[in-house]
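Please explain how this structure is put together, beginning with a single contact between two side chains and widening the view from there.

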Amino acid sequence: MTTIFRAKESIGEPVSDGPAAAMADALLSELGDLLHRFLDTGEHGRIDLFKLPISPTDLLHFKDRLGRGEVSILVEAAGGSEIYETAYAGLWWVEHRDELGRVIARLIEVADAPSIVLAHRKDLEATAKTLIRSEESA
Amino acid sequence: MPERMLGEELALHKISRRKLLKFATAMAASLALHPSMAAAIAENLAKARRQSVIWISGQECTGCLETITRSASPTLESLIFDFISLDYQSVLMAAAGEAADRTLREAAAANKGNYLLAIDGSLSIKDGGVYSMTGGRSDLQILREFAGNAKAILAIGTCAAYGGIPKAAPNPTGAAGIEDVIGDKPIVNIPGCPPIPEVLTGVLVNFLSFGRLPDLDEQKRPLAYFGTTIHDQCYRRPFYDQGKFAKSFDDEGARQGWCLFELGCKGPITQNACASLKWNGGTSFPIQSGHGCLGCAEPDFWDKGSFYTSLAGGQGPGWKDIAIASGAGLAAGTAAAIAARRSRSAIDQSIEHERKTKSGTET
């Protein structure tokens, strides 16, 4: 809990605690900006964590700073995706894996809900057609 | 060319838009595009039509093809094979001899002006190219015949891009890169020995999604993957900035994961995406496994002296130049995380600022 409280207090306010903390501070500051933009304009924000030169230790540190919130989502689409809301409402940890369990994308989304969770209109249309067909054949 | 759009084809194969979006999200990250571009990539891919690709080979070891095909073991990345029609690849196809030749000509004729011509391996240009021939014709003749009607050429691997190992001294076959012989076609160089498979996927997705080749640097390499050095993206960079170096492969520094510069790492002069995309599905890359970068994506890497001689030892830029480029200590090291999402010019400006600040305090 100490870590979570510290993270909340330090969004946009750098704290000095070595390279891992400095990395986390910079990312949290950017997330703060994206959150403000989302509140002002509704524009979804995203930070790609996959191509950052971040060591596994620093990544764990950052993950720890973000904490874990109330919602967890498991998406099974060509491999599992682990998605959960961090301790900060509207900041979502999104980790996509392929069928072999390898991470292919890792990002933070700033949104009311991550985009991949929402059903696509084309898929909805396909479902509607299927349901109509099954009604007709019944 | 099939009339059906990819979105319809994917639906037939029970590939949902959610899967497509997931693939596009991975591709946006791979292409260093803003993550918000994922939705646009997914939408555009769904509207695109399958792209004809004709793949020919020069003097090569099949390592490039091996790495590309291995990347397509049942993973999400294999979706790319739903987006292209690989109309000719002599190693993979069942046909051989005259039947294979006929397939090549028919594919080129059917997609005249629209196919992408991929080539791995260098070209032998000495003595009329007699050192590498297929069906009685030199690789050079074959390339010239099929380059003419290609939309663009993808030079896959260091050999195709720069001549590679066949070009190593004394270069008995007169090996050369594609660009040395073809000057009137758009060329994308994807160097690496072998190249990172995700880079080819990224180039194809960029072409299909946006209707054009990705932005290239002066060596015709996709900027998204070759815009920075391995050193810029290396997770061991903070140790370099702190002056902490492994002196041998089994000393305390090596065990602590310190910088491998003094063991000959060519990361500071090698532009590639190994440190970010990594290999084997993002598992690791040479430096993470404890070995310095060989610089295999750079021209003439085989002839630049020992892989284990430090760049400070007189090859490549001297220590002083690299030290300047490394910026001012830990601050630059931690900032590297942010810099990775900026353009190279932004990094250069930042380094220049740090350098001026540093020289100002020293003088």
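**From one salt bridge to the whole assembly**

In this predicted model, the side chains of B:Arg221 and B:Glu298 form a salt bridge, with 3.3 Å from N to O. To place this pair, one needs the domain assignment of chain B, which gives domain 1 (49–197 + 218–224), domain 2 (230–303) and domain 3 (319–350). Two salt bridges are found by the rule across the interface of domain 1 of chain B and domain 2 of chain B. As to residue classes, the side of domain 1 of chain B that touches domain 2 of chain B consists of ten nonpolar, four polar and two charged residues. The rule also finds four residue pairs in polar contact across this interface, both residues being at pLDDT 80 or more.

The extent of this domain interface may be described next. Between the C-alpha centres of domain 1 of chain B and domain 2 of chain B there are 29 Å. The contact involves 16 residues of domain 1 of chain B and 15 residues of domain 2 of chain B. Together the two domains bury about 1,200 Å² between them, and carbon and sulfur atoms give 64% of this area. In domain 1 of chain B, the residues that lose the most area to domain 2 of chain B are B:Ile165, B:Ile196 and B:Arg221, which together account for 41% of what that side buries. B:Arg221 thus appears both in this group and in the salt bridge with B:Glu298.

Attention now turns to chain A. Its secondary structure comprises four helices and five strands, arranged along the sequence in the pattern α-α-β-α-β-β-β-β-α. Chain A has 138 residues, of which 43% count as buried. Among its contacts between residues at least 6 apart in sequence, 41% join residues at least 24 apart.

How, finally, do the two chains meet? Chain A contributes 39 residues to the contact and chain B contributes 36 residues. The area buried between chain A and chain B is about 3,200 Å², with 64% given by carbon and sulfur atoms. The count of salt bridges between these chains is zero, whereas nine residue pairs, both at pLDDT 80 or more, are in polar contact across the interface. On the side of chain A that touches chain B, the elements giving two or more residues include helix H2 (18–41), strand E4 (91–97) and helix H4 (121–137) of chain A. The largest share, six residues, comes from H2(A). By class, this side of chain A divides into 22 nonpolar, seven polar and ten charged residues.

How values were computed. Residues are numbered from 1 along each chain as its sequence is written. Chains are lettered from A and ligands numbered from 1 in the order in which they are written. This is a predicted model: local features need pLDDT of at least 70, side-chain atom pairs count only at pLDDT 80 or more; totals for chains, interfaces and linings use all residues. Side-chain values use heavy atoms; hydrogens and water are left out. Domain bounds come from an automatic or database domain assignment. Contact means heavy atoms within 4.5 Å. Buried area is the accessible area (1.4 Å probe) that two parts lose on being put together, summed over both. A salt bridge is a side-chain nitrogen of Lys or Arg within 4 Å of a carboxyl oxygen of Asp or Glu. A polar contact is a pair of N or O atoms within 3.5 Å; within protein, one must be able to donate a hydrogen and the other to accept it, and residues adjacent in sequence count only if both atoms are side-chain atoms. Ala, Val, Leu, Ile, Met, Phe, Trp, Tyr, Cys and Pro count as nonpolar, Asp, Glu, Lys and Arg as charged, and the others, Gly among them, as polar. Buried means under 20% relative accessible area, exposed over 50%, partly exposed in between (1.4 Å probe, protein chains only).
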